[in-house]
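Welcome to this structure. Here are a few notes to read alongside the sequence and the model, in an order that should help you find your way around.

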Amino acid sequence: MEFTPSELIQFNGTDPSKPLYVAIKGRVFDVTAGKSFYGPGGAYAMFAGKDASRALAKMSKNDEDVSPSLEGLSDKEIGVLNDWEKKFEAKYPVVGRVAS
């Protein structure tokens with residue numbers, strides 16, 4: 001399934017009848033099982049319904065870092081992002097891609 005950013009934002013937890021999605025490097029993961037982390041009030045709620053690649057790479061919760069852009073990231077930050085991606089792959093199902 002392919003999501004535009006405006007479609008993906010609908011899966012941010014504001015509608016409890018919908019699953020929670022977080023994208024990493026354009027791949028959309030269903031993180032509903034981690035609702036306590038990604039749902040409203042959770043420590044990582046700012047990532048829900050978005051591609052959080054840059055923020056995960058930088059270990060940041062700043063709104064301006066919640067972005068799919070990898071531009072200017074260091075090799076170390078790319079490595080951190082790849083580690084996050086592996087964790088998500090092990091824990092959450094991939095349900096689609098973000099349209100580029």
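1. A definition helps before we look at the sheet: two strands count as a pair when DSSP finds at least two bridges between them. Please also keep in mind that this is a predicted model. With that in hand, look at strand β1 (residues 2–3) and strand β4 (residues 94–98), which pair in the parallel sense over two bridges. One place to see this is F3, whose bridge partner in β4 is V98.

2. Now follow β4 to its other pairing. Strand β3 (residues 27–30) runs antiparallel to β4, and three bridges link them. Within this pairing, V28 has G96 of β4 as its bridge partner.

3. β3 also pairs with β2, in the antiparallel sense and over four bridges. Here Y21 is matched with D30 in β3. The two strands make a hairpin with two residues between them, and K25 in the turn has a positive phi of about 50°.

4. Put together, what is the order of the strands in the open sheet? It is β1-β4-β3-β2, four strands with mixed pairing. β1 and β2 stand at the edges with a single partner strand each, so one side of each has no neighbour in the sheet.

5. Are the faces of β2 covered or open? Both are covered: Y21 and A23 are buried on one side, and V22 and I24 are buried on the other.

6. V22 is a good residue to click on next. The largest nonpolar core has 18 residues, and V22 is among those with the most contacts inside it, along with V31, Y38, F47, L56 and F88. The elements giving two or more residues to this core are β2 (21–24), α3 (53–58) and α4 (75–91). Beyond its neighbours within four places in sequence, V22 is in contact with residues including R27, F29, V31, Y38, F47 and F88.

7. Apart from the largest core lies another one, of seven residues. Its members include F3, L8, F11 and V28. You have met two of these names already: F3 is bridged to V98, and V28 to G96.

8. Finally, have a look at the largest pocket, with a volume of about 150 Å³. Which residues line it? They are P5, L8, G26, G49, K50, D51, V66, S67, P68 and V98. By class, the lining has five nonpolar, three polar and two charged residues. L8 also belongs to the seven-residue core, while V98 is the bridge partner of F3.

Notes: Residues numbered from 1 in each chain as written. Predicted model: local features only at pLDDT ≥ 70, side-chain atom pairs only at ≥ 80, totals over all residues. Heavy atoms only, no water. Core = buried A, V, L, I, M, F, W, Y, C linked by side-chain atoms within 4.5 Å. Buried < 20%, exposed > 50% of the residue type's maximum accessible area, 1.4 Å probe, protein only. Contact = heavy atoms within 4.5 Å. 1 Å grid on protein atoms, 1.4 Å probe; cavity = no way out; pocket = protein on both sides within 12 Å on 5 of 7 lines; lining within 4 Å. Points joined across faces, edges and corners; volume = space filled by probe spheres on them. Nonpolar A, V, L, I, M, F, W, Y, C, P; charged D, E, K, R; others polar.
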